[in-house]
Amino acid sequence: MAIAAPGSAPADAPAVLSAPARSRRVRGSGRAPGGDGGARGTARRTFLQKLTPWLFLAGAVALLLLFTYWPAVNLFYYSITDWDGIDLTKNIVGLDNYIQVFTDPRIFSVFWVSLYYFVASFVQMAIALYFAAILSFSTRFSNLFRGILFFPYLINGVAVGFVFLYLFQPGGTLDTVLAWFGVADPPQWLGNPDIVNWSLAGTSVWRYTGLNFVLFLGAIQSIPHELYEAADLDGANKWQQFWAIIFPGIRRIIGLSFILAIAGSLSVFEVPFIMTGGANGSATFVIQTLQTAFSFRQVGLASAMAVVLLAIVLVVTWIQRQVFPDEKVDLT
C-alpha cells in the first residue's frame, strides 16, 4: 500500500486541474478545436478563389472601357456638334452633320473607291487559298515558300507604301522592267486617275495575302489526315479532294476572311495615304474623314463620317452573317 505524501492526493484519486487549466477548460467548453477559425478561413479562401478571375478581368475591362468605349461615346457626342477641334464651346446641331454626309457628293462618293479594294480582296483570297492548298501537301521547300508568302504582312504599312512608291514612280523599278520587254511609254501608275486605284489595290493584295494564307493554311492542317487517306483509296485526285474535303472544312475561315475583306476595303488608309495622299481620285473614306477633321477643322462632321462608317461595317457584317450563317462542319 503506497503512502501518499502529506498534503498530496492519493495515487488512485482523479487528477485535479489547476486554476488556469480549469479556466481554459470552461472557456473552451462546447467548442470543437479550430471550429470557427477554420470555417472563417475556408470561407475566406473560397471568397478569394471566386474573386480572383474577376480581378484579372477588371484590368482588361477597365482598359477596354477607357480606350475603346469612352472614346466611342465621345465620338457620338462630337458628331452632333459643330466643334472645330480647338474651341472649348461645342454647339449642338443635331443631325445636320449626318444629313451633310449623305447629301454632299464630295463626301459619300469616295465610297466608290472602296470597290477597287473590295475586288482586290477577292483576288487576294483566291491567291492565298491556292497557295495554302498546295503547300498543305508534301511540297519541296514548303517552309521557304510559306515564309516568303507571309513575310509582306510583317512589314510596316508605311514601309510598304514607300517601297511601292518608288516602284510605281515614273522611271522607277516597274518602268525599268517593262522597258526590258519593249514597253517604251508606260502609263502613269499613280498619276492617272483611271489607273491609280488599281495600282494601290494591287499593293494591298501584295501586303495582305500573307494573312489570309496563314488563316487558310492553319484551317487546312486542322483537317484529319485520315480523310485524305480515305480519299486516296477511293481514287480521288487533288482537285476532288479540295472540293470534297478542304473547301467544306475551312468554310468558317473563308467566311471570316470575307468579313475582314469587307471591313478592310471600307477602311483602307495606310497605302493610299502614304503613296498619293488621296490625290488623283484615290482618297478613301478614312482619308476623307481625316482631311475633314484636321485640314478643314470640322471635327463634328468628321465624327459623323466615322459613325456612318462604323454603322455601314456593322450592317454589312450582319447581312453577311445572315446570308452565310456559321454552320457546323462535320466531315466525318
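## A walk through the predicted model

In this model, which is predicted, the largest pocket is lined by 21 residues, and those that lie nearest its centre are Q124, Y208, L260, G264 and S265. The elements that each give two or more residues to this lining are α5 (114–135), α9 (196–221), α12 (251–266) and α13 (270–275). Of the elements, α9 gives the most, with seven residues in the lining of the largest pocket. If the lining is sorted by class, it has 11 nonpolar residues, eight polar residues and two charged residues. How much space lies in the largest pocket? The volume comes to about 390 Å³. A student meeting such a value may find it helpful to know that rolling a probe the size of a water molecule over the atoms shows where empty space is left.

Two of the helices that help to line the largest pocket, α9 and α13, are also joined by a contact between charged side chains. The side chain of E270 meets that of R207 in a salt bridge, with 2.5 Å from N to O. Because E270 belongs to helix α13 and R207 to helix α9, the pair ties together parts that are 63 residues apart in sequence. The two partners can also be described by their accessibility: R207 is buried, since its relative accessible area is 8%, whereas E270 counts as partly exposed because its relative accessibility is 30%.

The structure holds two salt bridges, and the pair E270 and R207 is one of them. Another is formed by the side chains of D104 and R106, which meet at 3.2 Å from N to O. Is D104 buried or exposed? With a relative accessible area of 12%, D104 is buried, as buried means under 20%. Its partner R106, at 63% relative accessibility, counts as exposed, as exposed means over 50%.

From helix α13 we can follow the chain into the loop between α13 and α14 (285–295), where S282 is found. This serine is buried, with a relative accessible area of 0%. Which distance separates the C-alpha atoms of S282 and V113? They are 6.8 Å from each other, although the two residues stand 169 residues apart along the chain.

N280 lies in the loop between α13 and α14 as well, and its backbone deserves a careful look. Most residues other than glycine have a negative phi. The phi of N280, however, is near 60°, a positive value in a residue other than glycine. At 35% relative accessibility, N280 counts as partly exposed. F141, which is found in the loop between α5 and α6 (142–154), has a positive phi of about 55° and is not a glycine either. With a relative accessible area of 53%, F141 is exposed.

Finally, we turn to the surface, where F47, L48, L51, W54, L55, L57, V61, L64, L65 and Y69 make a nonpolar patch of about 1000 Å². To see how one of these residues is placed, take L48, which lies in helix α2, a helix that covers residues 35–79. L48 counts as partly exposed because its relative accessibility is 47%, and this value fits its place in the patch, because patches are made of residues with over 30% relative accessible area.

Key: Residues numbered from 1 in each chain as written. Predicted model: local features only at pLDDT ≥ 70, side-chain atom pairs only at ≥ 80, totals over all residues. Heavy atoms only, no water. Patch = residues over 30% accessible without salt bridge, like charges linked within 9 Å, V, L, I, M, F, W, Y side chains within 5 Å. Areas by Shrake-Rupley, 256 points an atom, 1.4 Å probe, with all protein chains shown as cover. Salt bridge = Lys/Arg side-chain N within 4 Å of Asp/Glu carboxyl O. Helix = DSSP H or I, 4+ residues; strand = E, 2+ residues; numbered from the N terminus. Buried < 20%, exposed > 50% of the residue type's maximum accessible area, 1.4 Å probe, protein only. 1 Å grid on protein atoms, 1.4 Å probe; cavity = no way out; pocket = protein on both sides within 12 Å on 5 of 7 lines; lining within 4 Å. Points joined across faces, edges and corners; volume = space filled by probe spheres on them. Nonpolar A, V, L, I, M, F, W, Y, C, P; charged D, E, K, R; others polar.
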